[in-house]
Amino acid sequence: MVQQEIKKKVVILGGGPNRIGQGIEFDYCCCHASYALKEEGIESIMVNCNPETVSTDYDTSDKLYFEPLTLEDIMNIIELEKPIGVIVQFGGQTPLNLAVALRKCGVTLLGTSADNIDIAEDRERFKQMLHKLNLLQPDNGTAFTVQEAEIVAKKIGYPVLVRPSYVLGGRAMEIVYQEANLEKFIKEAASVSGEHPILIDKFLEDAIEVDVDLIGDGSSFVIGGIMEHIEEAGIHSGDSAMALPSFSLSNEILNKIREATYKMAAELNVVGLMNVQYAVKDEKVYVLEVNPRASRTVPFVSKAIGVPLAKLATKAMLGKKLKDLGFTREIIPKHVSVKESVFPFNRFPGVDIILGPEMKSTGEVMGIDNDFGLAYVKSQLSAGQNLPKKGNVFISVRDKDKGVVVPIAKKLQELGFYIYATAGTAQALQNNKIKVTVLLKISEGRPNVLDLMKDGKIQLVINTPTGRIPRQDEVKIRSQVVLYNIPYTTTISGAQATVRGIEALIKKELGVKSLQEYHRTKK
């Protein structure tokens, strides 16, 4: 009697229960891992406990364990199934946090080694690696107590970014501008960080943030995509709009980013996926963080370049080389793809819509066109922001933005929009020969901007926050735009992109083309 060959098995760890910061994008990666295993003739075993996901559908994997992602539960499954290995890269931070513990239990982790994952996650080891590779990072330190944090922050210099270790979605992450507010935010971060230290970094104001996704097979590495954020640094990458390819960075800066990414990938001996976040300021490239796992941008990059990165990464983890998989060089598309985040603000009346380092978005959409302005418009339409072609714009910005908002207002005036502003902003615009109607602040009386919004007389709002603790007037304005579904932007970079989008909308036609058509022309 012929003995039946025992099929090899691989366990995929999912993202666990759904919560803000633990995106559906990780579920996409888990599904693609399952499809890749099927193609390679390996039995796929999914461990996940979120009924809302595709990874927990009955026909996605060969086997599904609807169990919590705890060490004990996973070890029980491994003892029963005896897989050749476990994939921890695709479920976000939850499985990654288990990597070292699983390794200690003798489990084979497919992909980047547990030790190299720890280099990227452990602050001191990460710092040593960057020093060895001669790469820049913002000044930083770690602390366990408020007193230690005060010493570190003083040494680094304010503003500082305070965050717990080993979290996703920027939970309990804050930008602190002065010592008076430090204690409150340190205590919040400490409650989330547990036994791990609190991380304190110098916050680079007005820097451009960049995300890079890379795939590696241990010896060769290829960048999947370099994405430039539309909002400046300080807004969580999960909340930022971003474009691929970059729309404002020079080739010199992009090449510095490429060089740094390849250096780190080789040092960490990446097998599978890696994500790097950079900040660009004064022509210098700073490394913010490295995640040796799939990031929430992988589905976006895969669709933008027409290559299923998570699927290829799974095959690389099984020992295949990128050369054999036919992916050997970075693809820079001729078209522009813009990723925009979707927010649940209309479900929470009265909430302030301001964005910061803690993630608030609950989904994302994508706009594609050959023109940046039109791609941006499509992304806004998909996210529920209907940009106007004509009408009135209300502008109220903080002092440091008054100079940079002038060209934006000028362009809007050229496009036929009429401008309303509060006294301070109006003065800056009038000094630059821009016609503007001054409105009373809400606290000063009526008619004010709230009255005009109610009457349907404001078609776009540009309002940047004055500080971490916003003025009541600002909160009222920003919660009202949600109530009346008025397009808005709370950053100068967002306002610049919005104006480019409006100009494209006025001067060009919006067209529809399938993803396949964009990629067909590429080939």
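This report describes a sheet, a buried helix, a serine in a loop and several salt bridges in a predicted model.

**The four-strand sheet**

Four strands make up an open sheet, ordered S5-S8-S6-S7, with antiparallel pairing. The edge positions are held by strand S5 (140–143) and strand S7 (174–176); each has a single partner strand, so one side of each is left without a neighbour in the sheet. On average, neighbouring strands of this sheet are turned by 25° against each other, direction ignored. Strand S6 (residues 160–164) runs antiparallel to S7 and is joined to S7 by three bridges. In one of these strands, S7, Glu174 is the bridge partner of Val162.

Two helices lie across strands of this sheet. Helix H6 (residues 123–132) lies across S5, S6 and strand S8 (198–202), and runs at about 165° to S5. Helix H7 (residues 146–156) also lies across S5, S6 and S8, and its angle to S5 is about 175°.

**Helix H10**

Helix H10 covers residues 298–305, and seven of its eight residues are buried, so the helix is largely enclosed by the rest of the structure. The buried residues in H10 are Val298, Pro299, Phe300, Val301, Ser302, Ala304 and Ile305. Gly306, just after H10, takes a positive phi of about 75°.

**Ser246**

Ser246 sits in the loop between strand S11 (242–244) and helix H9 (251–267). The side chain of Ser246 takes part in a polar contact of 2.7 Å with the side chain of Glu228. The Ser246 side chain also reaches the backbone nitrogen of Leu249, at 3.2 Å. When neighbours within four places in sequence are left aside, the residues in contact with Ser246 are Ile226, Glu228 and Leu254.

**Salt bridges**

The model has 22 salt bridges. Three of them are listed here with the N to O distance.

| Basic residue | Acidic residue | N to O distance |
|---|---|---|
| Arg258 | Glu330 | 2.7 Å |
| Lys378 | Asp369 | 2.9 Å |
| Lys508 | Asp371 | 2.5 Å |

The salt bridge between Arg258 and Glu330 links distant parts of the chain: Arg258 is in helix H9, whereas Glu330 is in the loop between helix H12 (322–325) and strand S14 (336–342), 72 residues apart. Arg258 is buried, with a relative accessible area of 17%. Glu330 counts as buried at 16% relative accessibility.

In the pair of Lys378 and Asp369, which meet in a salt bridge, Lys378 counts as buried at 15% relative accessibility. Asp369 is buried too, with a relative accessible area of 10%.

The closest N and O atoms of Lys508 and Asp371 are 2.5 Å apart. Lys508 lies in the loop between helix H18 (492–507) and helix H19 (515–522), and Asp371 lies in the loop between strand S15 (363–369) and helix H13 (372–382), so this pair ties together parts that are 137 residues apart in sequence. At 41% relative accessibility, Lys508 counts as partly exposed.

Salt bridges also link Glu39, Glu40, Lys311, Lys315 and Lys320 in a network.

Methods:
Residues are numbered from 1 along each chain as its sequence is written. This is a predicted model: local features need pLDDT of at least 70, side-chain atom pairs count only at pLDDT 80 or more; totals for chains, interfaces and linings use all residues. Side-chain values use heavy atoms; hydrogens and water are left out. A polar contact is a pair of N or O atoms within 3.5 Å; within protein, one must be able to donate a hydrogen and the other to accept it, and residues adjacent in sequence count only if both atoms are side-chain atoms. Contact means heavy atoms within 4.5 Å. Buried means under 20% relative accessible area, exposed over 50%, partly exposed in between (1.4 Å probe, protein chains only). Two strands pair if DSSP finds at least two bridges between them. Axes are lines fitted to C-alpha atoms, for helices over the stretch in contact, and angles run from 0 to 180 degrees between N-to-C directions. A salt bridge is a side-chain nitrogen of Lys or Arg within 4 Å of a carboxyl oxygen of Asp or Glu.
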